[in-house]
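Please work through the exercises below with the sequence and the structure in view, and try each task before reading its solution.

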Amino acid sequence: MMNPSFAMTLTLAGILVANLLTKLWLNSRQVRHVARHRDQVPAAFADTIGLDAHQKAADYTLAKARVNLVDLALDAFTLVGWTLLGGLDALNQLTLNWLDEGMSQQVALVVGFALIGGLIGLPLSLYQTFGIEQRFGFNHTTPKLWLSDVLKGLLVGMVLGLPILWLVLWLMQAGGPLWWIYTWAALVLYQLFVMWIAPNVIMPLFNKFTPLEDATLKARVTALMQRAGFTAKGFFVMDGSRRSAHSNAFFTGFGAAKRVVFFDTLLAQLNGDEMEAVLAHELGHFKHRHILKMMATSFATSLAGLALLGWISQQIWFYTGLGVMPNLDGNNSALALLLFMLVLPLFTFFVSPLSARRSRQFEFEADAYAVAHSEGKALASALLKLYQDNASTLTPDPWYVAFYYSHPPASQRLARMAA
Ligand SMILES: [Zn+2]
């Protein structure tokens, strides 16, 4: 029989190669598909989208695909560096030399890992904002704002993240054989707590929210919400234009405390009919309980994941096969957690088409709701404007869509609405 540790190493190598090949294949399909359709606006959009806008969307998509290649390579190197090349093992030894075995060493290991990961990703994130987004005219972030965002994010991450990290590591160590169930309950409560405080505590740290002043629009959206049987605590405008020209609208908060938030960029681009239609689409998500359904799925899968972690963290081959020497009589919670989070996405990637498909299904349902409760034509023209303003390609590769798109391509949404 094969040594289980070696089997784990082989599994990692195999799944990593499978990931890389699949992602390269998807990326090259997307590039070829978009490039091939670059010189002609699809017939269905010939009257509404100009060739300039179509080509800009194609070039933007191609530029992002090139960065995606760098990102793929970087991810693979980082993964192998942490595992088989001994990075995580070295960091573990380093923190052990520096701190005694115990909770603080465990926390330090995870924090050190997260900080190094953040540093590795920094150049690419800089290039995305100040290279690509800038070149296509979307970036409004100044270097100063960017830096303050990074620092604030770090601070928020520490204030919110350290207590739950400490709790999870403590439960793993002291919670007995059923620690993973307690951890799951703690994580669920924590996530609900963060969702509850986000609109009033976290989001105002990064953006300004001002009450919607446009009285006509306010009257329209209030009437729409009453028609659909909703109450909202208020309508707000968010200064999204401080960072980017991309636009959006969303809900925050629970139950009767729901707030409707419009990006200022959206208000600038859409007329009253179109705003109403976009809001009706968002209401459709509520009416069909999409957010609850997504949360239920995420809670169920995290329970399954934690059960798996509960078992696999007891197996020595899990550590040695991934390039780490476990502390035989000590605490391996942080190592188990980090290895698990590194390796798991390689496996879940292959089921991502299922969740992406479900998400696109939800978009169709929300569109249908909007068509029934507002002006269908207005939704269609709003969507076209949004796709155009965000330079989303009208001609994505179908396989790429299947894996990555949470929203259906414009052509499919418009075709469904018309039908
Ligand atoms: Zn939607």
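**Exercise 1: two helices**

H13 and H16 pack with their axes 10 Å apart and at an angle of about 40°; helices (H or I, at least four residues) and strands (E, at least two) are DSSP runs, numbered from the N terminus, while axes are lines fitted to C-alpha atoms, for helices over the stretch in contact, and angles run from 0 to 180 degrees between N-to-C directions. The model is predicted, so local features need pLDDT of at least 70 and side-chain atom pairs count only at pLDDT 80 or more, whereas totals for chains, interfaces and linings use all residues. Residues are numbered from 1 along each chain as its sequence is written, and side-chain values use heavy atoms, with hydrogens and water left out.

Task: classify how H13 and H16 lie to each other, and list the residues that meet.

Solution. Begin with the classes: angles under 35 degrees count as roughly parallel, over 145 as roughly antiparallel, 65 to 115 as roughly perpendicular and the rest as oblique. H13 and H16 are therefore oblique to each other. Next come the residues: Gln361, Glu363, Phe364, Asp367 and Val371 in H13 meet Gln412, Arg413, Arg416 and Met417 in H16, where contact means heavy atoms within 4.5 Å.

**Exercise 2: the sheet**

Task: work out the order of the strands in the sheet, and explain why E1 and E3 each have one side without a neighbour there.

Solution. Start from the pairs, remembering that two strands pair if DSSP finds at least two bridges between them. Strand E1 (residues 209-211) pairs with E2 in the antiparallel sense over 3 bridges, and proline 211 stands opposite phenylalanine 236 in E2. E2 in turn pairs with strand E4 (residues 259-263) in the parallel sense over 5 bridges, with glycine 234 opposite arginine 259 and methionine 238 opposite phenylalanine 263. Finally, E3 and E4 are joined in the antiparallel sense over 4 bridges, and here alanine 249 stands opposite phenylalanine 262. Putting the pairs together gives an open sheet of 4 strands in the order E1-E2-E4-E3, with mixed pairing. E1 and E3 stand at the edges with a single partner strand each, so one side of each is left without a neighbour in the sheet. From one strand to the next, the twist averages 35°.

**Exercise 3: the cover of E2 and E4**

Task: decide whether the residues of E2 and of E4 are buried or exposed.

Solution. Buried means under 20% relative accessible area, exposed over 50%, and partly exposed in between (1.4 Å probe, protein chains only). In strand E2 (residues 234-238), 5 of the 5 residues are buried, so E2 is largely enclosed by the rest of the structure. On one side of E2 the buried residues are Gly234, Phe236 and Met238, and on the other they are Phe235 and Val237. E4 is mostly covered too, with 5 of its 5 residues buried: Arg259, Val261 and Phe263 lie on one side, and Val260 and Phe262 on the other. Helices also lie over part of the sheet, since H9 lies across E3 and E4 and runs at about 40° to E3.

**Exercise 4: the core**

Task: find which residues of the largest nonpolar core touch the most other members.

Solution. A nonpolar core is a set of buried Ala, Val, Leu, Ile, Met, Phe, Trp, Tyr and Cys residues joined through side-chain atoms within 4.5 Å. Of the 42 residues in the largest one, Phe45, Met225, Phe262, Leu266, Leu279 and Leu283 touch the most other members. The largest share of this core, 7 residues, comes from H14.
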